[in-house]
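The questions below concern one protein chain. Each answer works towards the value or name asked for.

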Amino acid sequence: MKLTFYKYQGTGNDFVMIDNRQQTFDTTNTKQIAFLCDRRFGIGADGLILLENHDTYDFKMVYFNADGNESSMCGNGGRCITAFAKFLGVIKDKTTFLAIDGLHDAKIDDDLISLKMQNVDTIDNHNTHVFLDTGSPHHVQIQEDLSNFDVAFFGNKIRYGAPYNQSGSNVNFVSKISVDTFAVRTYERGVEDETLSCGTGVTAVALAMNYIGETEKNNITLKTQGGDLKVSFDKAASGYKNIWLTGPATQVFKGSI
């Protein structure tokens, strides 16, 4: 079977994007999805995203990790599929779409795409780290000398360690740059390695740093290996609401395989 695909990236977090409005893609073929994401034998990506029709909303987003398994929410993927939907003519500059964690609003302003994330009601503050779910589970910890830190090694140990065990958690290491700017490096479960950027991860970092008092700001710049993202939010009586993730999303190329 010949498959047409598009490659998108958002601050280096890259995705194979497929228009599946005709329901021709086999979503049960885990090996095929993993092959398409393989950087040596396939196309190469951190994940694969299907754009599908929805009866009520503009479209549906279906996201698979690079290991071939359907995954929890991907923030940069949500921004990239918004760009893809505009490219296909499904939307113009605003959208409401359905993802695995519920509805998301998104808006396009030139090359920047803003994605509204789900409210976060619960944050667990531990001695060494903070844990919260921003559509995907995230461990957040402050780390000195971040540029020389072995993210893959230590991220893997934490991802499979107690209390996360087999279900695992994404792991974010953070270094404070200024009152409203933080450097972030992320180990992603499902990819099982460091990625250049993680949208739900930087969202988790911004909220966690505000929660533990590392910043009083509610508009935070997160510097990832793949570029800068911004997260804005409002404090609620319990947790955070009106959370927006903003950054670039770019079509890299179109191909067939």
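Q: Which residue in E15 is the bridge partner of Thr 221?
A: The model is a predicted one. Strand E14 covers residues 219-224, and strand E15 covers residues 227-235. The two strands pair in the antiparallel sense over six bridges. Within E15, the partner of Thr 221 is Lys 230.

Q: How many residues does the hairpin between E14 and E15 pass through?
A: E14 and E15 are antiparallel. The hairpin that joins E14 to E15 has a link of two residues.

Q: Which residue of E14 stands opposite Ala 183?
A: E14 is also joined to strand E12, residues 181-188, by three bridges. E12 and E14 run parallel. Opposite Ala 183, in E14, stands Lys 223.

Q: Which helix gives the most residues to the largest nonpolar core?
A: The largest nonpolar core has 48 residues. Met 17, Met 61, Leu 132, Val 140 and Leu 222 touch the most other members of this core. The helix that gives the most to this core covers residues 199-211 and supplies seven residues; it is H4.

Q: How many residues are in the other core, which includes Leu 3 and Val 16?
A: This core lies apart from the core of 48 residues. Among its members are Leu 3, Val 16, Val 62 and Ala 66. Its number of residues is 15.

Q: Which residue of E9 stands opposite Ile 123?
A: Strand E8 (residues 123-125) is joined to strand E9 (residues 130-133) by three bridges, and the two run antiparallel. A hairpin through four residues connects E8 to E9. The residue of E9 opposite Ile 123 is Leu 132.

Q: Which residue in the turn between E9 and E10 has a positive phi?
A: E9 is joined to strand E10, residues 137-142, by four bridges in an antiparallel arrangement. One pair of bridge partners is Phe 131 and His 139, the latter in E10. The hairpin of E9 and E10 has three residues between the strands, and the one with a positive phi of about 105° is Gly 135.

Q: Why is the ring pair of Tyr 6 and Phe 84 called stacked, edge-to-face or tilted?
A: A pair of aromatic rings is described by the distance of the centres and the angle of the planes. The centres of the Tyr 6 and Phe 84 rings are 5.2 Å apart, with the planes at 50°. Planes under 30 degrees apart count as stacked and those over 60 as edge-to-face. The angle of 50° is neither, so the Tyr 6 and Phe 84 pair is tilted.

Q: How many residues apart in the chain are Tyr 6 and Phe 84?
A: Tyr 6 is in strand E1 (residues 4-10), whereas Phe 84 is in helix H2 (residues 75-88). Both Tyr 6 and Phe 84 are buried, and they form one aromatic cluster with Tyr 8 and Phe 87. The pair links distant parts of the chain, and its separation in residues is 78.

Q: How many of the residues of H2 are buried?
A: H2 has 14 residues, and its end C-alpha atoms are 20 Å apart, in agreement with the expected span. Its buried residues include Gly 75, Cys 80, Ile 81 and Phe 84. H2 is largely enclosed by the rest of the structure, because its buried residues number 11 of the 14.

Q: Is Arg 159 buried or exposed?
A: Arg 159 is in helix H3, residues 151-160. Arg 159 also lies over the face of Tyr 160, at 4.1 Å from the ring centre. The cut-off for a buried residue is under 20% relative accessible area. Arg 159 has 7%, so Arg 159 is buried.

Q: Is Asp 109 buried or exposed?
A: Asp 109 is found in strand E6, residues 102-109. A residue counts as exposed over 50% relative accessible area. The value for Asp 109 is 54%, so Asp 109 is exposed.

Methods
Residues are numbered from 1 along each chain as its sequence is written. This is a predicted model: local features need pLDDT of at least 70, side-chain atom pairs count only at pLDDT 80 or more; totals for chains, interfaces and linings use all residues. Side-chain values use heavy atoms; hydrogens and water are left out. Two strands pair if DSSP finds at least two bridges between them. Buried means under 20% relative accessible area, exposed over 50%, partly exposed in between (1.4 Å probe, protein chains only). A nonpolar core is a set of buried Ala, Val, Leu, Ile, Met, Phe, Trp, Tyr and Cys residues joined through side-chain atoms within 4.5 Å. Rings of Phe, Tyr and Trp (its six-membered ring) pair if their centres lie within 6.5 Å; planes under 30 degrees apart count as stacked, over 60 as edge-to-face and the rest as tilted. A charge sits over a ring if NZ of Lys or CZ of Arg is within 6 Å of the ring centre and within 35 degrees of the ring normal. The expected span of a helix is 1.5 Å times one less than its number of residues.
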